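Me: I'm new to reading protein models, and I'd like to go through one slowly. Could you help me with some questions?

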Amino acid sequence: MYLKSINFPSCSVKIGEEAFARCDWKLTDVVIDAKAEIGKSAFDRCDKLKTITLGKEVVSIGNSAFSNCDDLTTVTSKATTPPTAGTNIFTTTALTDIFV
């Protein structure tokens with residue numbers, strides 16, 4: 001059995017640097033509804049990740065947080081105020097759609 005999705009519910013959370021980096025499991029979906037800080041390279045090289053949903057309270061996204069996620073195609077943000085964003089957040093992905 002593999003973890004296919006991660007949901008961070010409404011609370012305060014800090015997703016640390018490289019917390020899920022190079023995940024070899026079949027993680028395909030990440031939902032972050034929490035008041036969150038997403039660390040540098042937090043999901044870097046999660047090759048099977050396809051969709052990310054960012055809630056309205058995401059505070060910051062670190063450098064290369066979702067880079068090298070080869071199958072990533074869709075990011076949805078519910079933010080009314082954009083989070084502080086680092087560099088190269090979505091480099092080397094298949095990203096085709098960003099919904100705000």
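Below are my questions, each with a reply.

Me: Before we start, what kind of model is this?
Reply: Residues are numbered from 1 along each chain as its sequence is written, and side-chain values use heavy atoms, with hydrogens and water left out. Local features need pLDDT of at least 70, side-chain atom pairs count only at pLDDT 80 or more, and totals for chains, interfaces and linings use all residues, since this is a predicted model.

Me: How many strands form the open sheet, and in what order?
Reply: Strands here (E, at least two residues) are DSSP runs numbered from the N terminus, as are helices (H or I, at least four residues). Two strands pair if DSSP finds at least two bridges between them. The pairing in this open sheet is parallel, and its 4 strands come in the order E2-E4-E6-E8.

Me: Which are the edge strands?
Reply: An edge strand here pairs on one side only. That description fits strand E2 (12–15) and E8.

Me: Which residue in E8 stands opposite Ile61?
Reply: Strand E6 covers residues 60–61 and pairs with E8 in the parallel sense over 2 bridges. Opposite Ile61 in E8 stands Ala85.

Me: Which residue is the bridge partner of Asn7 in E3?
Reply: Strand E1 (residues 5–8) has an uncovered face with Ser5 and Asn7, and a covered one with Ile6 and Phe8. E1 and E3 run parallel, joined by 4 bridges. In E3, Asn7 is partnered by Val31.

Me: Is Thr74 buried or exposed?
Reply: Thr74 lies in strand E7 (residues 74–77). Buried means under 20% relative accessible area, exposed over 50%, and partly exposed in between (1.4 Å probe, protein chains only). Thr74 has 17% relative accessibility, so it counts as buried.

Me: Which residues is Thr74 in contact with, leaving aside its neighbours within four places in sequence?
Reply: Contact means heavy atoms within 4.5 Å. With those sequence neighbours set aside, the list for Thr74 is Lys50, Thr51, Ile52, Leu95, Asp97 and Phe99.

Me: With which side chain does the side chain of Thr96 make a polar contact?
Reply: Thr96 sits in the loop between strand E8 (84–85) and strand E9 (97–99), and it counts as exposed because its relative accessibility is 58%. A polar contact is a pair of N or O atoms within 3.5 Å; within protein, one must be able to donate a hydrogen and the other to accept it, and residues adjacent in sequence count only if both atoms are side-chain atoms. At 3.4 Å, the side-chain partner of Thr96 is Asp97.

Me: What separates the C-alpha atoms of Thr96 and Thr73?
Reply: Along the chain, these two are 23 residues apart. In space, their C-alpha atoms are separated by 5.2 Å.

Me: What is the phi of Asn88?
Reply: Most residues other than glycine have a negative phi. Asn88, found in the loop between E8 and E9, is not a glycine, yet its phi is positive, at about 55°.

Me: How do the residues lining the largest pocket divide into nonpolar, polar and charged?
Reply: Among the lining residues are Leu54, Ile61, Ser77 and Phe90; a pocket is an open set of points on a 1 Å grid over the protein atoms alone where a 1.4 Å probe fits, with protein on both sides within 12 Å along at least five of seven lines, and lining residues have an atom within 4 Å of a point. Ala, Val, Leu, Ile, Met, Phe, Trp, Tyr, Cys and Pro count as nonpolar, Asp, Glu, Lys and Arg as charged, and the others, Gly among them, as polar. The lining divides into 9 nonpolar, 1 polar and no charged.
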